[in-house]
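Work through the exercises below with the model open. Try each task before you read its solution.

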Amino acid sequence: MENKRTVKTVSEVKKSRFVALDVFRGLTIVLLLFYFNRGTGGTNPIVWLNHTPWLGLTLADCAYPLFMTAMGMSMVFSFRRYEKINGVFLRKVISRTLLLFGLGLIYNYCSSLPKNIADAGNVGEGMMNALVNIRIYGVLQRYAIAFVCASFIIMLCKKNYKIIAMVGGGLLVAYLFILGFGHGYEFSKDNILYIIDNAILPANHLYHDTVGGLELTMDPEGLFATLFSCTGQLLLSFAGLSFYLNAKENGKSHPLPYLFAGAILSIVLGLFITFFCPISKKVWSVSFVLITSGIGFTVVALVETLTLKRPHEKLLYPFNVLGANAIFLYLLVIITSMVIKNIPVADSTLGECINHGFMVISVGNEVIAALLYAIIFSALDWLVAWLLYRKKIFIRL
């Protein structure tokens with residue numbers, strides 16, 4: 001029996017969806033698929049699927065901010081049903097926030113279980129240690145906090161994209177100054193993010209990061225960066241797509257150049273401010289937001305150009321399938337990846353046995369073996385997405 005709260009038919013979805021956004025989300029999911037299925041054990045040999053230790057930008061670093069950009073764009077459509085802050089709006093926003101935050105906590109707990117049980121030597125004690133020392137922040141928690149903040153700002157601004165853009169830009173400018181004067185680009189105890197995060201939560205509930213041999217409780221998904229930078233990114237993404245759709249719906253001729261121009265301007269501005277604002281996923285710096293947002297809007301503009309030509313629909317179909325159930329697939333990917341990489345087999349794990357015990361030996365090259373591992377497991381995840389799409393199941397989270 002279908003759950004009417006979370007499932008929509010294909011015809012309903014097609015009427016309400018912006019195809020370019022679904023494809024963009026699908027491309028982001030492909031990147032996440034490869035990241036989580038990139039092989040196991042030791043240092044990942046696929047360099048571009050490794051995160052930068054502190055400052056810099058790799059393809060893997062782009063996955064989460066691209067997803068954040070897609071979320072901001074999605075809010076343009078999901079918020080069309082709300083005219084003001086009322087009971088329906090509050091129930092939807094708060095329930096989604098709690099769901100995302102709760103799922104993030106569950107993931108943190110489950111992912112820390114194997115290590116806690118191994119260290120404790122006792123299953124019961126290990127389970128309790130994992131709960132007592134659970135990490136509070138995380139990727140889904142970051143999406144939840146940024147989503148609820150952006151939701152209220154959007155409604156308080158009466159969905160006026162010009163005002164929303166100014167608020168989003170204001171948050172980023174404020175964050176730029178805070179990081180600049182608060183040693184925000186240093187991996188040290190003088191960093192304003194370290195000071196605030198450790199003042200809010202005990203060290204055992206924060207992520208322990210190590211850079212250059214120094215270990216600190218510097219949480220890459222901390223509250224302060226989320227409130228300013230991530231919320232700002234959501235607001236700018238909402239405003240940017242709203243501007244384009246408004247021009248398109250009002251019959252403005254050739255609005256696509258505006259979308260391309262905004263995307264390129266965002267990237268250029270992001271690159272320009274790197275002279276005093278380094279690119280960093282760990283602090284979600286303003287240059288990082290501008291560059292990744294610009295990349296996201298460039299992809300949407302390119303896909304929107306392609307969708308205007310019917311012959312390209314089949315080419316975009318695989319990504320459209322992934323984008324239709326994006327958040328559900330993200331959860332599926334991280335859960336299956338965690339399970340495979342933690343199932344014990346002899347003195348190793350199932351993931352390491354498949355990757356190192358079979359693929360590396362068979363292929364004779366670690367990079368090719370890791371790529372094959374990623375392709376095979378990503379294909380299996382895509383098959384799940386395709387079955388859901390074919391069965392006309394679209395799960396909302």
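Two exercises on aromatic rings and one on a cavity follow.

This is a predicted model, in which local features need pLDDT of at least 70, side-chain atom pairs count only at pLDDT 80 or more, and totals for chains, interfaces and linings use all residues. Residues are numbered from 1 along each chain as its sequence is written, and side-chain values use heavy atoms, without hydrogens or water.

**Exercise 1.** Classify the ring pair of Phe79 and Tyr82.

*Solution.* Start with the rule: rings of Phe, Tyr and Trp (its six-membered ring) pair if their centres lie within 6.5 Å; planes under 30 degrees apart are stacked, over 60 edge-to-face, the rest tilted. Here the centres are 5.7 Å apart and the planes meet at 85°. The pair is therefore edge-to-face. Next, check burial (buried is under 20% relative accessible area, exposed over 50%, partly exposed in between; 1.4 Å probe, protein chains only). Phe79 has 2%, so Phe79 is buried. Tyr82 has 6% and is buried too.

**Exercise 2.** Classify the ring pair of Phe224 and Phe228.

*Solution.* The centres are 4.9 Å apart. The planes stand at 45°, so the pair is tilted. Now locate the residues: both sit in helix α9 (residues 223–249; a helix is a DSSP run of H or I, at least four residues, numbered from the N terminus). They are four residues apart, so about one helical turn separates them. Phe224 is buried, at 15%.

**Exercise 3.** Which helix supplies the largest share of the lining of the largest cavity?

*Solution.* A cavity is a set of points on a 1 Å grid over the protein atoms alone where a 1.4 Å probe fits but cannot get out; lining residues have an atom within 4 Å of a point. Phe224 is one of the lining residues. The largest share, three residues, comes from α9.

Conventions
Helix = DSSP H or I, 4+ residues; strand = E, 2+ residues; numbered from the N terminus. 1 Å grid on protein atoms, 1.4 Å probe; cavity = no way out; pocket = protein on both sides within 12 Å on 5 of 7 lines; lining within 4 Å.
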